[in-house]
Amino acid sequence: MEQIKIRIIECELEYDEIKESSPASDEEIQELTSYFSLPLPKELIEFYKTIGGIESDEIFCISSAQNLTQYMKQRADFAHNSTGIIDMIIAYWGNDRPELQKYKLLTLEETEKINSNFQCIGWMTSEEDIEESSEYVIFDQNGNFTNIYCHQDNIKATTDQLLDFLESGLPERSLENVLEELFERAEGNLSRWD
């Protein structure tokens, strides 16, 4: 997580791009755990305890444990209110993604299976299509992480990839590796590189 810390510090001090997040307490992590259908990987717990979160106005939304818990509480009354990747994609679009809510691309059974197997901790958007797509950070029961791209005009490509992951499992990647890749991708969008 050291390289991620360095990137966040640079953004905070030089350009105030990343909002400060307080490291999570054991109690905050315990409360957040109840919203996930899988145990939190050790690396994610370390992230919450040492970094807190990576949040900016329009680019990153990898929430701190406290902010993600608050977000989940706000969604408690929605039909699709889990931390599963399908429900989080729906949430990203203001709870208005009929292709997923009306089971046009996936059956109810497939949706439930994907949601329970792949938990989402946040997303990153890019400046050129900020209102059309996002990359979501997910993890599985083995503690592997990956980022999955979803564009509003081709959600089927995302659901197909998730169905493939049900068969193959996620690639063996760390959270730090995924976040490093997302920072690389954000270089053109954060003002410190302009």
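Let me begin with strands β3 and β4, residues 119-124 and 133-139, which run antiparallel and are joined by 5 bridges in what is, I should say at once, a predicted model. If you want one pair to look for on the screen, take C120, whose bridge partner in β4 is I138.

These two strands belong to an open sheet of 5 strands, ordered β1-β2-β3-β4-β5, with antiparallel pairing. As a reminder, strands of a sheet pair through backbone hydrogen bonds, and they can do so either parallel or antiparallel. Which strands are at the edges here? They are β1, residues 54-55, and β5, residues 145-151, each of which pairs on one side only.

Now to the helices that lie across this sheet. Helix α5, residues 85-92, lies across β3, β4 and β5, and its direction makes an angle of about 150 degrees with β4. Helix α9, residues 175-186, lies across β1, β2, β3, β4 and β5, and in this case the angle is about 40 degrees, taken to β5.

Finally, a pair of helices. Two packed helices are described by the angle between their axes and the distance between the axes. For α2, residues 26-33, and α4, residues 65-74, the axes come within 9 Å and cross at roughly 35 degrees, and the crossing is left-handed. Which residues of α2 meet α4? They are E28, E31 and L32, and on the α4 side the residues that they meet are A65, Q66, L68, T69 and K73. By character, the residues of this contact divide into 3 nonpolar, 2 polar and 3 charged.

Notes: Residues are numbered from 1 along each chain as its sequence is written. This is a predicted model: local features need pLDDT of at least 70, side-chain atom pairs count only at pLDDT 80 or more; totals for chains, interfaces and linings use all residues. Side-chain values use heavy atoms; hydrogens and water are left out. Axes are lines fitted to C-alpha atoms, for helices over the stretch in contact, and angles run from 0 to 180 degrees between N-to-C directions. Helices (H or I, at least four residues) and strands (E, at least two) are DSSP runs, numbered from the N terminus. A crossing is left-handed if the near helix is turned anticlockwise from the far one by less than a right angle, and right-handed if clockwise. Contact means heavy atoms within 4.5 Å. Ala, Val, Leu, Ile, Met, Phe, Trp, Tyr, Cys and Pro count as nonpolar, Asp, Glu, Lys and Arg as charged, and the others, Gly among them, as polar. Two strands pair if DSSP finds at least two bridges between them.
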